Amino acid sequence: MVVMRKHEVVLSSKEKKKLKAIVSTGQNKAAVIRRAHILLKSFEGKTDAEISALLYVSEQTIRRTRLRYGREGLQAALEDKPHPKPTPKLDEQQEAHLVAITCSTPPAGHARWTLELLQKRLVEDGIVDSIAPDTVRLLLKKTNSSLG
């Protein structure tokens, strides 16, 4: 009777050949090569602790890789899942308002707009509840606007 370990990695000869090619050529991302090593060592019967010591990765990384291989297959286990793009802090109309403020006369007592002044003005105008000065900087950089 064969006892199956939870999330055991059973590679076909084709998969094994592909993984060996990945680790031997070095033409892939480091994470892909690391995952290929994890799958090959798991297939060889090494424990998570042994693989962790050999590859300098956490046992959690090894478990996640084996689990993903079992659920989604070889390609999914090797590649990163796409990360969702962050939602923009301001929409186009709000960005236009920021640029308009930047082009206007700075408040009394100031020679020019600073990121902190722009941040405060956006909050005062009710455009946003809060925004970091660095976010203001990145938005102005994206629109090729400058503060002076």
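Start by selecting helix α4, residues 59-72: its 14 residues reach 20 Å from the first C-alpha to the last, close to the 20 Å expected at 1.5 Å a residue. That expected span is 1.5 Å times one less than the number of residues, and helices here are DSSP runs of H or I with at least four residues, numbered from the N terminus.

Before you click on, remember that this is a predicted model, where local features need pLDDT of at least 70, side-chain atom pairs count only at pLDDT 80 or more, and totals for chains, interfaces and linings use all residues. Residues are numbered from 1 along each chain as its sequence is written, and side-chain values use heavy atoms, with hydrogens and water left out.

**Stop 1: around α4**

Colour T61, I62, T65, R66, R68 and Y69, which are buried in α4 (under 20% relative accessible area; exposed is over 50%, partly exposed in between, with a 1.4 Å probe and protein chains only). Look down the axis of α4: the buried residues fall within an arc of 160°, so they line one face of the helix. The arc is taken from the directions from the helix axis to the C-beta atoms. Swing round to the other side of α4 and you'll find G70 and R71 exposed.

What do the buried residues of α4 pack against? Show α1 (13-25), α2 (30-43), α3 (48-55) and α5 (74-78), and you have the partners. Contact here means heavy atoms within 4.5 Å.

Now zoom in on T65, in helix α4. T65 is buried, with a relative accessible area of 5%. Leaving out residues up to four places away in sequence, T65 touches R35, I38, L39 and A77. Then step just past the end of α4 to G73, which takes a positive phi of about 100°.

**Stop 2: α3 and the loop after it**

Select α3 next and pick out its buried residues, D48, I51, S52 and L55. They cover an arc of only 100° around the axis, which puts them on the same side of α3. The cover over these buried residues includes α2 and α4.

Stay on L55, in helix α3. Which residues is L55 in contact with, leaving aside neighbours within four places in sequence? Light up R34, H37 and I38. L55 and R34 are 21 residues apart in sequence, yet 7.6 Å apart in space, C-alpha to C-alpha.

Just after α3 comes Y56, in the loop between α3 and α4. Buried or exposed? Y56 is exposed, with a relative accessible area of 75%. Check its backbone too: Y56 has a positive phi of about 60° although it is not a glycine. Most residues other than glycine have a negative phi.

**Stop 3: a quick look at α1**

Go back to α1, where 13 residues reach 18 Å from first C-alpha to last, close to the 18 Å expected at 1.5 Å a residue. Following α1 is G26, with a positive phi near 70°.

**Stop 4: α6 against α8**

Finish with α6 (residues 92-103) and α8 (residues 133-142), which pack at about 90° with their axes 11 Å apart. Those axes are lines fitted to C-alpha atoms over the stretch in contact, and the angles run from 0 to 180 degrees between N-to-C directions. So α6 is roughly perpendicular to α8 (65 to 115 degrees; under 35 is roughly parallel, over 145 roughly antiparallel and the rest oblique).

Show side chains for E95, L98 and T102 of α6, then V136, L139, L140 and K142 of α8, and you're looking at the contact.

Conventions:
Helices (H or I, at least four residues) and strands (E, at least two) are DSSP runs, numbered from the N terminus.
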